[in-house]
Amino acid sequence: MKKLNFTGKGSGYLAIWALNLILTIVTLGLYYPWAKEKMRKYLWNETNFENDRFQFHGTGKEMFKGFIKVYLFFVVFYAAFFAAQYAENPEMYVILIVLLYLVLLLLIPFAIFGAWRYRTSRTSWRGIYFSFDGKQSDFVKLFFKNLFFTIITFGIYSYWMQINIRKYILNHTKIGNYRFSYTGDGGDYFGINLLGGFLSMITLYIYIPAFIKSLFEYHVKNTKLEGKSFKSTLTNSEIYGVLIVNFLLIIFTLGIAFPWVFIRTMKMYMNNIQLPEDVDYENIKQDIDNYTDATGDDFLDSLDLDLDF
Amino acid sequence: MKIIFFNGQSSKPIPAYIENKLGEFHISYTDEDSNVVFQSFKIEDWKRVDYNSDDAIFTIENNSFPPCKIIFKEEKSIAYIKRICPDLINNNLHQKILNFNTQKVIIGAFASLIAIIALYIFVVSPFIGKIVTNMITINTEISLGNHFSKTLINTLNIDDKKSTELMQFYQTAGFQSKYPIEIIYADESTVNAFAIPGGKIVIFKGLLDKMERYEELAGLIGHELAHVEKRHSLQQISNKLSTYLLVSILTNDTGGITTALMEHTINFRSLKNSRSFEKEADLWGINELKKLHINQNGMISLFEKIKNNESDINATLTKTLEYMSSHPLTDKRIEYLKTSITDTTSTQNNNLQKIFERLQN
């Protein structure tokens, strides 16, 4: 079976996380982009397929360019906020808060697009780079169109929105010359969530791990590489086992066991993703043109906000 | 030495051989057409790209694009590459730690974290809290307090008539403040009182009912007034926010930053002042009594009544957990207050006595 294999360890994750935290605190947050670099390098490198490890090529220096702009933006914002306090101008507070939320909302699609483009362009397997050939303007239009429908349907359309965004992102993602795709449907996804939510409520939330598993399975089976489907091998007993033990670990260690909990969860998901058997993994060609396009020094690419879609 | 070579053009792993000659890697392999291919690379163009705790594989990449990749999987070949290119071995701090003994890593990591967190909580956060507090003007503080109290007052059963009596007591005693003080009587059995930033003080019926002398009420008002004058509540909020905001910035949690800024309803009943703030309020309060020629022993007898209110069981538990309590134990408070009494000029104030009696009815 052609499966992903995650070999990370709780102690390794803790080591990187703790060192990152110390360095980030003593540099008042400025080390953060390098902390992200180190953590991603570790997590990517502990993931392998066909005994060959993934690699993250991003650098703290690249991500710092975007990060410092955000850092300064918030410093300026806070300064304006305190200036408003000093001037005793309550209207200015309100304007500043509203402005902040508006700016953040407008940034979201750019940040998702940029983050994905950056991450794929800095990820390789066997020396072959991933890439993302979506168009920013198309994605932004898609995002706001879906957001509009989500708002006017009081959130019901959000399930279609999630699927549409995921579809756009994956349909434009490649590894070398092999293309990914996503064939999920908003209606089906809504149905799974509705059923899962209902069953979770009537079983007093005991059903939740099974609900999570059904969502994971749905996304995995609708993800394709060169038109061939991925498959999930995650079982109910496995997810219940892992999540219940995780919960107990966190409770009885007052949260100290979080690195092991994180690694256990990563292993559970990664090691249950089976890649299509009938794809020729030894014949993926480097897609040089696409790579060059993706490495532009875009502010929001190197910003790489940790937003999930 | 045997290696696995990736030429950067395809994902096909190529079994190959490597040799080091005059500062260059010489790689040879057989291609699909069974031709023997030779490639040379400058050693200085290569770097190790492993980032894990597994030493059983050694991977290097060069700096061309697309990069070529070499994997050393056999023990002999790993030893070979480490010998001929010691510079390629990763010596960065993160990699060194990944190679450490697991137990040492865990102990070291947790010890460092605890030290940093302790330093932040006891040194940095109060310092930042003070700076933030000083930046907030009195008028802003009053506006904030008014805003908070609107939400809070709705949860209390206020007796307006007795609140007026309390205000009269405050003014008759001669207390003064740069804040617009308003004292509110909460008709509830809770034995408690607290101050809100900006000048509002809430006193519960439960606590007033315990009092037998007007000097005790004066002592209580002096104590709560100290919290207002010294901006203790504001500093507590700033301390908490500074921790929250810093963690948000450090973890790039933009949602956390905006949430912290938007959060404006805080439950003052559960907001505990630090032990040092309580002590400062006790001593400031007892000094105020002296200035107003009110018997300072009033504050001591107030605490003695509070102490008697605690059951024996609670007192034992409280002693055991004293170091975790934000309030110094009542016994200790009585102790340092007794040593602070210097009053010899207090006089009986009949007006205050009358107001106090009305409050008790």
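I will go through chain A and its pair of packed helices, and then turn to the sheet of chain B. Please keep in mind throughout that what we are looking at is a predicted model.

Let me begin with chain A, where twelve helices and eleven strands are assigned, and where 49% of the 309 residues count as buried. If we take the contacts in this chain with a separation of 6 or more, 70% of them come from residues 24 or more positions apart. The chain exposes about 14400 Å², of which carbon and sulfur atoms supply 68%.

Within chain A, I would like to look at helix 9, residues 236-252, and helix 10, residues 258-270, whose axes lie 9 Å apart and make an angle of about 170°. Because angles over 145 degrees count as roughly antiparallel, helix 9 of chain A is roughly antiparallel to helix 10 of chain A. The residues that meet include A:Val242, A:Val245 and A:Leu249 from helix 9, with A:Phe258, A:Val261 and A:Met268 among those from helix 10. By class, this contact has eight nonpolar, three polar and two charged residues.

Moving on to chain B, we find seven strands in an open, antiparallel sheet with the order 4-3-2-1-7-6-5. Its edges are strand 4 (36-42) and strand 5 (46-48), each of which pairs on one side only, and neighbouring strands are turned by 30° against each other on average, direction ignored.

Strand 1 (residues 2-6) and strand 7 (residues 69-72) of chain B are joined by three bridges, and here B:Ile4 stands opposite B:Ile71. Finally, helix 1 of chain B, residues 75-84, lies across strands 1, 2, 3, 6 and 7, running at about 30° to strand 2.

Terms used: Residues numbered from 1 in each chain as written. Chains lettered and ligands numbered in written order. Predicted model: local features only at pLDDT ≥ 70, side-chain atom pairs only at ≥ 80, totals over all residues. Heavy atoms only, no water. Helix = DSSP H or I, 4+ residues; strand = E, 2+ residues; numbered from the N terminus. Buried < 20%, exposed > 50% of the residue type's maximum accessible area, 1.4 Å probe, protein only. Contact = heavy atoms within 4.5 Å. Areas by Shrake-Rupley, 256 points an atom, 1.4 Å probe, with all protein chains shown as cover. Axes fitted to C-alpha atoms, helices over the stretch in contact; angles between N-to-C directions. Parallel < 35°, antiparallel > 145°, perpendicular 65-115°, else oblique. Nonpolar A, V, L, I, M, F, W, Y, C, P; charged D, E, K, R; others polar. Pairing = 2+ DSSP bridges.
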